[in-house]
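Subject: Structure handover

Hello,

Please find the structure below. My notes on it follow.

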2 protein chains.
Amino acid sequence: MVETVTKKELIFIEAAKLFQSKGYAATSIRELADQVGLKPSSFYSHIKGKEEILEIICKKASALFAEGLENVLNNHDKPIKQLEAIIDLHIDVAFGNPSAITVFNDEWRHLSGEALAEFRRSRKSYQDGVIKIIKEAKAKGQVKDLDATIVFNLIIGGSRWLHFISKPSESMVSKIRGQLKQLFFDGMRE
Amino acid sequence: MVETVTKKELIFIEAAKLFQSKGYAATSIRELADQVGLKPSSFYSHIKGKEEILEIICKKASALFAEGLENVLNNHDKPIKQLEAIIDLHIDVAFGNPSAITVFNDEWRHLSGEALAEFRRSRKSYQDGVIKIIKEAKAKGQVKDLDATIVFNLIIGGSRWLHFISKPSESMVSKIRGQLKQLFFDGMRE
DNA sequence: CATATATTTACGAACGATCATTCGTACCTA
DNA sequence: TAGGTACGAATGATCGTTCGTAAATATATG
């Protein structure tokens, strides 16, 4: 066993890519199977159905943010530092796990039943966590008196395009990181 | 003829709503016909095919931004004022034509051939126009020395969630407008 | 170590469902 | 009478998925 990635994991990796570029609904099992090097029928030796793939990917993406938030809270005391770490988290996910961004933002709506409900809960819980940080920073007088939901959505939306950058160099990432933080914290006005 | 909206226009209106909530690929002609009060076959008395609907909607959405940019340039001299007007434009479109935002951001990728090429040109032209404003503002020392593309994408992405607000009151819209501008221009730091 | 057995993985063929679309025809209106 | 609008029925294509079966792999037994 030389391969460190099982075929099932490979399915999720390739599926995430396709879902990102074409969308869940427009991606067929046949196309996906082809990408993995399997016949469509062989697919069902590994997964229960198409939606299971989306479920797993969505779960991974929301776990990424949930764990990220947890780390932020463990590693920083001051809310303003936590806020900065949250921005870092979004940038890290966008560059390190590009397809997670798309799925987290757009494709989850193709879930159904309990998987959809659970994703919504998880997303809401993340949002609440970040909003709590914003409110604490506000209470300490470190950020302006702004609606926390608006600030949250600006951070979410403001890092929603980064995954379009194909092969960002290390220096480019750090430049974007710096400028985005500057924008979020101090705006563009000179 | 009491109706001021032709059936063909109604098709585009309902289609835009469905594309926004379910996505283009996941929206069937049957469903769309049902929403308009027609049988699927009757649909083709009005339109050439499914993709034509997306084409028209995408064209309208990009025209919205193109005309908006033109107005901004005609009505304001100083780049910093133009920039503010651009932000207003995005907020106006998000609230006044919610489905245009989704289509402009996401669904256009389902276009093909010349329609896709033309949309890309139009989008690029809008982006170039806004970036030019940002650079002029920078040259005048009115905004920080930031990468114009980053600023542009933050504005685009930062107003990409507004259409989720279902029935915003007038006061809510103006509150969001004020806070978003404050964020874009001066950031969240107190 | 070799052999038999069980389990997993892969496949071709086919299923029913649904897809966008076409066609011939009827209706409605000008 | 003519042109637009609507419809039922049917088309071929593609969808996700199932099924029986064969190959490959792992496990157990001699």
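Helices (H or I, at least four residues) and strands (E, at least two) are DSSP runs, numbered from the N terminus. On that basis, the elements of chain A run α-α-α-α-α-α-α-α from the N terminus on. That comes to eight helices and zero strands.

Before the details, two housekeeping points. This is a predicted model, where local features need pLDDT of at least 70, side-chain atom pairs count only at pLDDT 80 or more, and totals for chains, interfaces and linings use all residues. Residues are numbered from 1 along each chain as its sequence is written, chains are lettered from A and ligands numbered from 1 in the order in which they are written, and side-chain values use heavy atoms, with hydrogens and water left out.

**Chain A overall**

The C-alpha trace of chain A spans about 60 × 40 × 35 Å along its principal axes. Chain A has 190 residues, and 51% of them count as buried. Buried means under 20% relative accessible area, exposed over 50%, and partly exposed in between (1.4 Å probe, protein chains only). The accessible surface of chain A is about 9,400 Å². Carbon and sulfur atoms hold 51% of that surface. These areas come from the Shrake-Rupley method with a 1.4 Å probe; for residues, only the protein chains shown count as cover.

Take the contacts in chain A between residues at least 6 apart in sequence: 65% of them join residues at least 24 apart. Contact means heavy atoms within 4.5 Å.

**How the two copies relate**

Two copies of a chain are related by a rotation about an axis and a shift along it. Here, a turn of 180° and a shift of 0.0 Å along the axis lay chain B on chain A, with an RMSD of 0.0 Å. That is the relation of a two-fold axis. In chain B, G187(B) has the C-alpha nearest the axis, at 1.9 Å. The superposition is by least squares on the C-alpha atoms of residues with pLDDT of at least 70 in both copies.

The copies meet through the same surface, because 100% of the interface residues of chain B are also interface residues in chain A.

**Helix α7 of chain A**

Helix α7 of chain A covers residues 148-158. Of its 11 residues, 10 are buried. Among them are I150(A), F152(A), L154(A) and I156(A). What do the buried residues of α7(A) pack against? Within chain A, they pack against α4 (79-96), α5 (98-105), α6 (113-139) and α8 (170-186). From chain B, α7 (148-158) and α8 (170-186) join in. At the start of α7(A), a side-chain oxygen of D147(A) comes within 2.8 Å of the backbone nitrogen of T149(A).

**Two residues in α5 of chain B**

T102(B) sits in helix α5 (residues 98-105) of chain B. T102(B) counts as buried, at 7% relative accessibility. Leaving aside neighbours within four places in sequence, T102(B) contacts Q20(B), E107(B) and H163(B). The side chains of T102(B) and H163(B) are joined by a polar contact of 3.5 Å. A polar contact is a pair of N or O atoms within 3.5 Å; within protein, one must be able to donate a hydrogen and the other to accept it, and residues adjacent in sequence count only if both atoms are side-chain atoms.

F104(B) lies in helix α5 of chain B too. F104(B) is buried, with a relative accessible area of 3%. Beyond neighbours within four places in sequence, F104(B) has contacts including F65(B), F119(B) and I156(B).

**DNA strands**

A residue is near a strand if one of its heavy atoms lies within 4 Å of it. DNA strand C is surrounded by 16 residues. The closest are S41(A), S42(A), H46(A), Y44(B) and K50(B). Of the strand C atoms within 4 Å of the protein, 51% belong to sugar and phosphate.

- The side chain of S41(A) has an N or O atom 2.9 Å from a base oxygen of strand C.
- A polar side-chain atom of S42(A) is 3.2 Å from a phosphate oxygen of strand C.
- The side chain of S45(A) has an N or O atom 3.1 Å from a base nitrogen of strand C.

DNA strand D also has 16 residues around it, with R30(A), Y44(A), K50(A), S41(B) and H46(B) nearest.

- A polar backbone atom of K50(A) is 2.8 Å from a phosphate oxygen of strand D.
- The side chain of S41(B) has an N or O atom 2.9 Å from a base oxygen of strand D.

Best wishes
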